[in-house]
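Open the model in your viewer and keep the selection tool at hand. We will go from stop to stop.

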Amino acid sequence: MSAKTVPPPLILDRKFVVPLLCGPGPCAYWPSVTEALAKPVITPNCDEFYNVLDDIRAGLQYVFQTKSKLVLAMSGAGHSGMEAVISNLVAPGETLLVASRGMWDQRAIIIANRLGKYNGIKTEITSVPSNTTFSMEQLESELKRTRPEAMFITFGDSSTGTIQNIERLGDICHKYGALLLVDTVVSLIGVEFLMDEWGVDAVFSATQKAFSGPAGIAPVAFSALAEEKINNRKHEPSFYIDIKLLANQWNCYGDTRTYHHTLCPPMLWALRCCLQEIVKETLPVSWARHASSTAYFHQRLQEYSIELFVPKPEERLNTVTTVMLPEGYNHLEFHNYMREKHNILVLEGRGPTLGKAIRVGIMGVNATKEVADKVADALADSIQALRK
Ligand code: PMP
C-alpha cells in the first residue's frame, strides 16, 4: 500500500479541555510531577539511575509502612501488581481463597483461574453483599473450611466504595498457614495502611489514584514470610513479573544492580516525585486530609438528600464514594451532563454498581473541601436538570 492511500489523519490535532478529574481514578498530578515527567532520560547503567531506584524503595517502605527489603515497583498498571502477587505466591496445586465484594477481587479470581488451567491452582470464594464488608468471623471460618495457602482481599474497593478492616486479618491468616495478599490500589495514601503491624504478606498499589501520579507503575511489597516462600519456591512465574529477578534489578538486598527489562525513566522520576510530596505532607496528614474532605463531601450530599450506596459510615472509603443514581436516571446521560455542563469527570458504577451508582473520587491533590463543594453542587444540579 502506498502512503497516499490513507491520508494523514487531521484528527490527531484535535484539542481537548481537561476536566476536573473526580472519578475513581486517574487523579490529577501534583504540579511537581508534571515537571518530573519532562526531565531528561538517563542511561540505566549509572549510579544516578540506580540511586533513584533506591530512593523509590525507601519512599515505598514509608508509604506501605514496612521495614521489608522486598519492596519495588512493577512496570505496569495496578493489574501487574495483582498478577505478580498471585503468580509469585500461589504455587501450582495450591489454593487461593478470595474474599469477594466487588470488581477487583473478581479480577483476582480470573487471574487465579487462568493460572489454574495449566498449573492446577484452585480458587475458593467467599462473598458479602457489595455495599458491606467482611466480619473477621466469616473470614476465619472460611480459612478453617478451605485451608488455603493464601487469601486475597481488596482493602479499599473502588467499584463499591467500601473499606475493609484488615487490622487483625494477618494474624488470623497466619494461624491457618495462609499468606495475606492485599489490593491497596485505590486506598494507599488516602487511608491508614500499616503493612508490618497488620501482618500483610503481599500488597500492591498503583500511582494514578491518591498518589496523584501517572498510571503505569505499580508499587509492591512482600513480608519476610512471603519472601521466604518466593526464595524457596519450585515454580517459575512468568518471566516479566518474576519478583526474584526484579529484586535483583531493584537492588533489594543492596548488592545487585542487574538488567531485567528496560524501566521507563519518566515513570520513575514521577513516582519518586509523588513520594517526595507524600513524605513532605506526611502520611498522617494525608490520611486526615482525605478523611475530612470525603466526610465533608458526604455531609454536602446529605444536605441535598443524595443517597450513598454504602449505608454504614464506617464502611465508606475515604477516596472513592459511590453515589446512588436516583430511579429512572441513565448513568451515561448523567455522566455526560456532569462533563459537558460542569467539566467534572465522574464515572459510572462498575461491577456490582453498574447502572446503580456514580463513582466520585475526592482524592490525591483533589482531596479538598473546595473540590468536594464543586462536585456536590454539580451532582445536585445534574439530578435536578435530568429529572424526567
Ligand atoms: N484494584 C482497585 C481497587 C482499583 O480501583 C483498580 C483500578 N481502578 C485496580 C485494582 C486495577 O488497577 P489498574 O487499572 O491500574 O490496572
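**Stop 1: one residue.** Select Pro311. This residue is exposed, because 10 other C-beta atoms lie within 10 Å. (Exposed means 12 or fewer other C-beta atoms within 10 Å of a residue's own, buried means 20 or more, and partly exposed lies in between; C-beta atoms are placed from the backbone.) Pro311 sits in the loop between α10 (283-303) and β11 (320-324). Now add Asn231. From C-alpha to C-alpha, Pro311 and Asn231 are 44 Å apart in space, with their positions 80 residues apart in sequence.

**Before going on.** This is a predicted model, in which local features need pLDDT of at least 70 and side-chain atom pairs count only at pLDDT 80 or more, while totals for chains, interfaces and linings use all residues. Residue numbers start from 1 along each chain as its sequence is written.

**Stop 2: the whole protein.** Zoom out. You should find 12 helices and 14 strands. (These are DSSP runs, numbered from the N terminus: helices are H or I with at least four residues, strands are E with at least two.) The C-alpha atoms fill a box of roughly 60 × 60 × 50 Å along the principal axes. Of the 388 residues, 47% count as buried.

**Stop 3: the seven-strand sheet.** Select the strands in the order β2-β10-β9-β8-β5-β3-β4. They make an open sheet of 7 strands with mixed pairing. (Two strands pair if DSSP finds at least two bridges between them.) Which strands stand at the edges? They are β2 (71-75) and β4 (122-127); each has a single partner strand, so one side of each is left without a neighbour in the sheet.

Strands of a sheet pair through backbone hydrogen bonds, either parallel or antiparallel. Zoom in on β9 (residues 202-204) and β10 (residues 217-222). These two run antiparallel, joined by 3 bridges. Pick Ala202: its bridge partner in β10 is Phe222.

**Stop 4: the three-strand sheet.** Select β11, β14 and β13. They form an open sheet in the order β11-β14-β13, with antiparallel pairing. Here β11 and β13 (347-348) are the edge strands, each pairing on one side only. Between β13 and β14 (residues 357-361) there are 2 bridges. Find Leu347; Arg359 is its bridge partner in β14.

**Stop 5: the ligand.** Select the ligand and its surroundings. How many residues are around the ligand? There are 14, and Ala77, Gly78, His79, Ser158 and Val185 come nearest. (A residue is near a molecule if its C-beta atom, placed from the backbone, lies within 6 Å of it.)

Definitions and conventions
Pairing = 2+ DSSP bridges.
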